[in-house]
Number of protein chains: 2
Amino acid sequence: MFQTRITELLGIRYPILQGGMAWVAESTLAAAVSNAGGLGIIAGGSAPAELIREEIRKAKALTDKPFGVNIMLMSPNADELAKIVVEEGVAMVTTGAGNPGKYMEGWKAAGIKVFPVVPSVALAKRMERAGADAIIAEGTESGGHIGSTTTICLVPQVVDAVNIPVLAAGGIADGRTAAAAFMLGAEGLQCGTVFLASPECQIHSTYKEMVVGAKDTDSAVTGLICGGAPCRQVKNRYTKKVNELERSGAKFEEIEEMTIGSLRRAAKEGDKENGSFMAGQIAGMVCEIRPVGEIITGIFDSAEDILGRRPGELLGGK
Amino acid sequence: MFQTRITELLGIRYPILQGGMAWVAESTLAAAVSNAGGLGIIAGGSAPAELIREEIRKAKALTDKPFGVNIMLMSPNADELAKIVVEEGVAMVTTGAGNPGKYMEGWKAAGIKVFPVVPSVALAKRMERAGADAIIAEGTESGGHIGSTTTICLVPQVVDAVNIPVLAAGGIADGRTAAAAFMLGAEGLQCGTVFLASPECQIHSTYKEMVVGAKDTDSAVTGLICGGAPCRQVKNRYTKKVNELERSGAKFEEIEEMTIGSLRRAAKEGDKENGSFMAGQIAGMVCEIRPVGEIITGIFDSAEDILGRRPGELLGGK
């Protein structure tokens, strides 16, 4: 049922990618997702490039399935990582924050598939012209750095604008939200938040508790006001303080000082007060920690069950 | 195919409501939606209550189908409107901005169905306890005054939290987005933006041009910063000026002065520069002016065609 151009392109069973979350997405999680029939991704973030090479090699030891690397194009490690993915024979890359044009030829020659993450129709079209193999259309409900258009508005407009396949990201964590994404025309999904709540995810246990404990309205966006990059995380003392500073008209440098290291404080130290627990709005729906394999088969078994039902039949007697 | 608890409750053919947009939703539009098999709504806004009574009577002359009235509970006309809907025998009311508890008994006794519009799970549960017949879960992609959670995140969580039927609002304008909403567990839809682009809608032609001309990223939210009510409209000089004022730390009163009358300037005067052209993010997908009947049958014919297809099959060869 879920054979699409994405499963064909990547040679995977289920059209689902695990998002390339900095400080979170490393070899153990990525390999678990790939072993479960999806495609795991190691986040390049702003880590030293050789450290990412090590993670790639660890993942190779953990799975013989394809996996990917996320490269933040504005990060200082981008040039080096662009070479490493070729040297290590990585199956695919996802890219964010910039134009991967200058790496495209080398990647294509190495058989690497390129999936840029985009927040708008214009960028999707530009990426298709640059040679992308697929587009990840990411809604504002996603965790971390975000655009402003929501998944339900963005995905069908991107689908209409390009000929390459489109994956939906943002707000997807169960069979219903997955089925909705497919109805919008997506041929694949990228999920981040739901994988935070797995034993295979190597983040601090407090981070997982923050995600599992979040309600529907427990999401906060920083960086909206002072021209920084808008960023979504679970509401806490940190987001409250940053938002207050922003509203007070504080200088960019003052706010930046507070945000530096905040994601590390969440992922490594579990600092509930001062960490940035990046997660999507759908954290409200994620209420338990489950193994990656169970998460993936759960999503697709439920989506298969739901797709094809008529409105009102979805919830049995409900 | 589209028989749900909503079509049963309201005695209508298609489970679609037209949103109660102040300065926009009057008798001509509402009657057109009801005549086409949906349910039209007259917006109470903050208009003199007797003027709304006239609109109700006009709608009755234009259709023998049921229609509704939207009552903004914090508006000074709320008490009077609450009586008028009973006196005029209106089929249903939608409510916003507050708790309809004190009117509930009178409405129930008159057989009026009550559909509160809510932005969160907590409010949905409170409304169910207060006696609501259905919940309209409205995502942040909607036009006008908004909450912060997106449709794909909000709808399934509200569906899980209440036993009464749920309608999805925000981001719905075609068969794909409608099918997605049904997959999320909604038993009905409320659409606003797509009906702005109809000949039956009595707004200034410039307003329609603004909606039809908007791209995916041409949406702006005001009121996020200075504690006012967040409000979504098409990006223009007005939203730029309000956002600049907000960022500059201007006083609430100064900003309020700019916003007063801004919706009237859009709807009645077509003032492209100084009007607030309230519309949802999905305006980017609304590209032509079509009769209300065509809009509604288009949404449901396409949704019927799409529901039941498997991922990747949605777009034919694409």
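In which loop of chain B does B:Trp23 lie? The legends below take up this residue and other parts of a predicted model.

**View 1. B:Trp23 in its loop.** B:Trp23 is found in the loop between β1 (16-18) and α2 (27-35) of chain B; helices (H or I, at least four residues) and strands (E, at least two) are DSSP runs, numbered from the N terminus. Although B:Trp23 is not a glycine, its phi is positive, about 65°. The residue is partly exposed, with a relative accessible area of 45%; buried means under 20%, exposed over 50%, and partly exposed in between (1.4 Å probe, protein chains only).

**View 2. The two chains superposed.** A turn of 180° and a shift of 0.0 Å along the axis lay chain A on chain B with an RMSD of 0.0 Å, by least squares on the C-alpha atoms of residues with pLDDT of at least 70 in both. This is the relation of a two-fold axis.

**View 3. B:Tyr207 and the nonpolar core.** The largest nonpolar core has 140 residues, and B:Tyr207 is among the six that touch the most other members. Such a core is a set of buried Ala, Val, Leu, Ile, Met, Phe, Trp, Tyr and Cys residues joined through side-chain atoms within 4.5 Å. Beyond its neighbours within four places in sequence, B:Tyr207 is in contact (heavy atoms within 4.5 Å) with residues including B:Val24, B:Leu263 and B:Phe277.

**Notes.** Residues are numbered from 1 along each chain as its sequence is written, and chains are lettered from A and ligands numbered from 1 in the order in which they are written. In this predicted model, local features need pLDDT of at least 70, side-chain atom pairs count only at pLDDT 80 or more, and totals for chains, interfaces and linings use all residues, while side-chain values use heavy atoms, with hydrogens and water left out.
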